[in-house]
Number of protein chains: 2
Amino acid sequence: MDKVITISREFGSGGRELGVRLAERLNIPFYDKELIHMAAEDSNIAEEAFRHYDEHIVKSLDRQFYHAFSDVYKVPMSDQIFVAQSNVIRKLADYGSCIIVGRCADMILSDSVNLFIYADMRSRVKRMLKLEPDEESGGKEMERRIREVDRKRKEYYQYYTGNSWGRAQNYHLCMDSGLAGVDGCLRAVLAYLGE
Amino acid sequence: MDKVITISREFGSGGRELGVRLAERLNIPFYDKELIHMAAEDSNIAEEAFRHYDEHIVKSLDRQFYHAFSDVYKVPMSDQIFVAQSNVIRKLADYGSCIIVGRCADMILSDSVNLFIYADMRSRVKRMLKLEPDEESGGKEMERRIREVDRKRKEYYQYYTGNSWGRAQNYHLCMDSGLAGVDGCLRAVLAYLGE
């Protein structure tokens with residue numbers, strides 16, 4: 001049977017790595033940033049706009065501004081982009097088993113297995129500094145960036161789904177990668193799924 | 001190394017069963033209702049009072065009433081009971097590896113591995129009706145009972161910890177037993193712990 005798995009994640013907790021490795025193990029496709037390109041191809045909206053609005057909502061003043069550039073129905077660009085991405089997510093899920101990271105896929109799809117991965121701030125800063133060793137501004141700046149990305153993802157999720165980001169009951173399995181690492185989380189998902 | 005595991009759970013989701021089976025697999029003691037008896041033995045409070053106040057807080061009017069029967073420090077009975085149970089939980093954790101169900105143990109202890117187990121209402125009603133086949137009032141009444149117990153547990157947890165019950169980041173691993181059953185959750189915990 002087809003298995004569509006969505007991964008919601010706190011920034012720096014290893015959600016993308018978990019998705020890539022899980023996709024390899026299950027031998028199914030993986031979509032994260034790829035969704036941006038696919039949604040742009042699938043719609044008449046420029047890829048640049050997708051990058052600009054990816055997983056964050058637009059504040060009211062910006063909304064008025066971008067309104068002017070929106071189509072005749074005056075639907076704000078960020079909403080058009082959400083709809084275009086949702087359409088691509090639904091098409092991918094209809095097509096067969098896959099793993100989709102972020103972009104409210106857990107709420108857009110109805111039969112997916114939904115994962116949430118998170119970690120304490122210290123583990124996430126350490127992980128990100130290891131992934132981006134050229135980052136010279138250090139831990140404090142990384143912590144600020146992590147909080148900022150999380151805030152945007154949370155706002156985006158709550159705006160488009162009306163649900164609380166990180167409420168356990170919204171997902172089937174929620175894992176702290178700070179304690180068990182991405183390795184431990186990967187083992188847990190495979191065991192939970194009976195793989 | 002000692003491993004203390006706490007299990008928070010929605011009523012009917014199989015938290016107790018998960019704890020019992022996990023304790024068997026890890027060959028460590030398991031505490032749930034047993035805590036009531038132990039806390040009563042450890043304090044000068046009657047076991048009956050522990051049963052009465054187990055995992056629910058007392059509303060303001062009741063508080064005034066029970067106040068009169070409290071000790072000279074005028075600490076409400078429900079708070080005295082919380083303190084007595086917390087002391088027992090800390091002693092058990094100091095003593096060695098164990099599994100503790102409910103009673104805010106995740107917030108009382110600092111180095112525990114904290115699990116949260118939950119499920120959709122339909123799965124929980126089905127599970128409880130199977131466990132209590134003599135229950136003649138049926139699904140509707142069971143659903144009412146589940147909501148009532150959950151509400152009390154949630155209030156109790158939030159009152160004594162100041163934290164949100166069911167917020168994924170409060171726990172290391174959160175599992176929906178509706179999708180994978182207690183079997184799947186048990187496999188996931190063991191895999192996550194590297195057992």
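Crossing angles of 65 to 115 degrees between helix axes count as roughly perpendicular. In the predicted model described here, the axes of helix H7 (residues 121-131) and helix H8 (residues 138-161) of chain A come within 9 Å and cross at roughly 110°, and H7(A) and H8(A) are therefore roughly perpendicular to each other. On the side of H7(A), this contact is made by A:Met121, A:Arg124, A:Val125, A:Met128 and A:Leu129, while H8(A) contributes A:Gly138, A:Gly139, A:Met142, A:Glu143, A:Arg145, A:Ile146, A:Arg147 and A:Asp150. Divided by class, the residues joining H7(A) to H8(A) comprise 6 nonpolar, 2 polar and 5 charged residues.

One residue of this helix contact, A:Arg124, also takes part in a salt bridge, its side chain meeting that of A:Glu10 with an N to O distance of 3.2 Å. The pair links distant parts of the chain, since A:Glu10 lies in the loop between strand E1 (4-9) and helix H1 (15-26) of chain A, whereas A:Arg124 belongs to helix H7 of chain A, 114 residues apart. Over all chains, the count comes to 30 salt bridges.

Between chain A and chain B, by contrast, the count is 0 salt bridges, although 17 residue pairs are in polar contact across the two chains, both residues of each pair being at pLDDT 80 or more. On the side of chain A that touches chain B, the elements that give two or more residues are strand E4 (113-118), strand E5 (173-176) and helix H9 (177-193), and the largest share, 9 residues, comes from H9(A). The residues on this side of chain A divide into 15 nonpolar, 5 polar and 4 charged.

In total, 24 residues from chain A and 24 residues from chain B enter the contact between the chains. The area buried between chain A and chain B is about 1,800 Å², with carbon and sulfur atoms giving 59% of that area. Within chain A, the residues that lose the most area to chain B are A:Gln169, A:Leu179 and A:Tyr192, which together account for 30% of what that side buries.

A further helix crossing is found in chain B, where the axes of helix H5 (residues 77-95) and helix H8 (residues 138-161) come within 12 Å and cross at roughly 80°, which makes H5(B) roughly perpendicular to H8(B). This contact is made by B:Ser78, B:Asp79, B:Phe82 and B:Gln85 of H5(B), together with B:Tyr156, B:Tyr159 and B:Tyr160 of H8(B). By class, the residues of the contact between H5(B) and H8(B) divide into 4 nonpolar, 2 polar and 1 charged.

Methods
Residues are numbered from 1 along each chain as its sequence is written. Chains are lettered from A and ligands numbered from 1 in the order in which they are written. This is a predicted model: local features need pLDDT of at least 70, side-chain atom pairs count only at pLDDT 80 or more; totals for chains, interfaces and linings use all residues. Side-chain values use heavy atoms; hydrogens and water are left out. Axes are lines fitted to C-alpha atoms, for helices over the stretch in contact, and angles run from 0 to 180 degrees between N-to-C directions. Helices (H or I, at least four residues) and strands (E, at least two) are DSSP runs, numbered from the N terminus. Angles under 35 degrees count as roughly parallel, over 145 as roughly antiparallel, 65 to 115 as roughly perpendicular and the rest as oblique. Contact means heavy atoms within 4.5 Å. Ala, Val, Leu, Ile, Met, Phe, Trp, Tyr, Cys and Pro count as nonpolar, Asp, Glu, Lys and Arg as charged, and the others, Gly among them, as polar. Buried area is the accessible area (1.4 Å probe) that two parts lose on being put together, summed over both. A salt bridge is a side-chain nitrogen of Lys or Arg within 4 Å of a carboxyl oxygen of Asp or Glu. A polar contact is a pair of N or O atoms within 3.5 Å; within protein, one must be able to donate a hydrogen and the other to accept it, and residues adjacent in sequence count only if both atoms are side-chain atoms.
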